[in-house]
Structure formats: structure tokens, C-alpha cells
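Thanks for asking me to look this one over. My notes are below as numbered points, to be read with the structure open beside them.

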Amino acid sequence: MKLDKNFFSENIKTLIYALIIAVIIRSLLVQPFYIPSSSMEPTLLVGDRLFVTKYTYGYSKHSFPFSPPILNKRIMFSSPERGDVIVFKTPADNRTDYIKRLIGKPGDVIRIINKKIYVNGAAIDRKFIKSEDSIINRRFRYSSGEIVTREIDVVIDLYQEKHGNAEFTIKNTRGENDQFPQEWTIPNGHYFVMGDNRDNSNDSTKDVGFVPRENFFGRADELFMTWECWTCIPSFSKAGSLD
């Protein structure tokens, strides 16, 4: 059977067009995102899949695959709201994707006293829900330098918080991070973010620090699937808006 040369050329063109459309959609509109850690529990669990809107806060070089140096600042910028769940590139390497909740804007003074957050002197509204027993993994370093991971019993306190237009549940591990109070003043063009799993999140209170607006990747809007492992059955039972 003789094959038409146009058959191959047309299929290659179709593939190229499809790739271009996919890049445009992922860069300018919506991109799927995977939750790899427990730092946003109980709002987002390991294995959750969600859609991130790329246009919500405007565009920077990080809006595009591999962060090409085509924009030296953010364009069409729209300021995020307190309480938004945002995805961003970490300032440390401008490459790793993190997802956290926005707590403070430029110029805000953030204080944490007894694990309660104050923004410009006003406490974030929160209401105690319940306590529950849990088992978590903790890494211990011995004087010899050996690092051992062990399971320990802890008590988790759950609170309902309201910040901006967002209402969400946060976790505090009783007895963890009791060294607070601490205070931060957010510099111009930067933002303060935290995980909902407050004592088990690398965020602005720790190594991440303040996040420049140029590093914003997008806003997490829709949870569409939970898929905990490749051998597990995907679940759509929690699908819905994060608002």
C-alpha cells in the first residue's frame, strides 16, 4: 500500500498545533497542579489535583514553562486578596513550586502570639473546632550526627479561620513552635504566606521568607481530583471550588 506523503505532514502539523495550544493554555489560562506534601492540610491533602488560574495576578516570566527571561517584571498585575491560596516559585531558587495561603500584603505587620496571627494589630478571626489525637513522623538528630525518623503521638487542634473573604480550617500541633511571639514587616512588592498545617509548613515564618510578586505562578481555584498513589483509584468526591 502506498502512503500519501501528505498523511505524515498533516499529522505532524496537527501535533505541532496541539502543542502550541497546550502551551498557550498552560501559560496564560489554566494549569493543573499536584499537592506533594502535607503543608496545606486539612484544606489540601497529599495527592490532591487542582487547577491553577494563571491570569488572576497577571503574568511574569514564571508564567511560562522553564521561566524564560522574556519579562523583567509582572504585567497586567492584579493584587491578590488575603486568604487566597497561591502557587509561587520559591525565592531561594526561583524554580521550585510551592503552594501556600496568603496572609499579609506589602507594608503589613505580622505578629504571631501563642500561635494566633495578628495583621496590623488585628487578630485573624478564628474559632476552635476540636482536638484530635494523631501520629506524626519526626526526625531526630543525635550528637553522633545520625538522623532517625520516629513516629510520635501528638494532639492536633483544629480551628476555623476567616481572613479576607476566605474561610478555612487550620491545624496546630499542640506543643510545637511555642517559641513565638515573632514579628515581621513585609517589604514593598512582597507577600507573607503560610501553610494551613501551621506547625508543619516551610513558609514565610521559616526558610521561604517574603515572596516577591514576580514569583507568583497563579491562584489555586478548583480541586478536581484526589489521587494518592499510582496504584490507587482516583477520587472525584472532593471536587469543587477552594473559595
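1. Let me begin with charge pairs: a search of the whole structure turns up eleven salt bridges. Please keep in mind throughout that this is a predicted model. Three of the bridges are picked out below, among them the pair formed by Glu-41 and Lys-171.

2. In the Glu-41 and Lys-171 bridge, the side chains meet at 3.1 Å, N to O. Glu-41 sits in the loop between β1 (30-34) and β2 (48-53) while Lys-171 belongs to strand β10 (residues 166-173), so this pair ties together parts that are 130 residues apart in sequence. With a relative accessibility of 19%, Glu-41 counts as buried, because the cut-off for that class is under 20%. Lys-171, at 14%, also counts as buried.

3. Next comes the salt bridge between Asp-196 and Arg-101, whose closest N and O atoms are 2.8 Å apart. Asp-196 is in the loop between β12 and β13 and Arg-101 is in strand β4, so the bridge connects parts that are 95 residues apart in sequence. Both Asp-196 and Arg-101 are buried.

4. Do have a look at Glu-214 and Arg-213 as well. Their closest N and O atoms are 4.0 Å apart in a salt bridge. Glu-214 is partly exposed, with a relative accessible area of 29%, and Arg-213 is partly exposed too, with 32%.

5. Which side chain of opposite charge is nearest to Lys-100? The nearest is that of Asp-203, at 5.4 Å, and Lys-100 is buried without a salt bridge. The cut-off for a salt bridge is 4 Å, so the distance to Asp-203 does not qualify.

6. What does Lys-100, in strand β4 (residues 97-104), have around it? Its side chain makes a polar contact of 3.0 Å with the side chain of Ser-39. A polar atom of the Lys-100 side chain also lies 3.4 Å from the backbone oxygen of Asn-202. Leaving aside neighbours within four places in sequence, the contacts of Lys-100 include Met-40, Asp-84, Phe-88, Val-193, Gly-195 and Ser-201.

7. On to the rings: the whole structure holds seven aromatic pairs. One of them joins Phe-192 and Phe-210 in a tilted arrangement, with 6.3 Å from centre to centre and 55° between the planes. Phe-192 lies in strand β12 and Phe-210 in the loop between β12 and β13 (211-212), so the pair ties together parts that are 18 residues apart in sequence. Phe-192 counts as buried, at 0% relative accessibility, whereas Phe-210 counts as partly exposed, at 25%. Elsewhere, ring pairs link Tyr-57, Tyr-191 and Phe-216 into a cluster.

8. Is Trp-230 buried or exposed? Trp-230 counts as exposed, with a relative accessibility of 70%. This residue is in the loop between β14 (216-226) and β15 (240-241). The C-alpha atoms of Trp-230 and Gly-47 are 9.8 Å apart in space, although the two residues are 183 apart in sequence.

9. A last point on confidence. The protein chain has an average pLDDT of 86, and 88% of its residues score at least 70. Confidence is lowest in helix α1 (residues 5-29), where the mean is 66. Strand β12 (residues 190-194) has the highest value, at 98, and this strand also holds Phe-192 from the tilted ring pair.

Notes. Residues are numbered from 1 along each chain as its sequence is written. This is a predicted model: local features need pLDDT of at least 70, side-chain atom pairs count only at pLDDT 80 or more; totals for chains, interfaces and linings use all residues. Side-chain values use heavy atoms; hydrogens and water are left out. Helices (H or I, at least four residues) and strands (E, at least two) are DSSP runs, numbered from the N terminus. Buried means under 20% relative accessible area, exposed over 50%, partly exposed in between (1.4 Å probe, protein chains only). pLDDT is the predictor's confidence in each residue, from 0 to 100. Lys and Arg count as positive and Asp and Glu as negative; His and the chain ends are not counted. A polar contact is a pair of N or O atoms within 3.5 Å; within protein, one must be able to donate a hydrogen and the other to accept it, and residues adjacent in sequence count only if both atoms are side-chain atoms. Contact means heavy atoms within 4.5 Å. Rings of Phe, Tyr and Trp (its six-membered ring) pair if their centres lie within 6.5 Å; planes under 30 degrees apart count as stacked, over 60 as edge-to-face and the rest as tilted.
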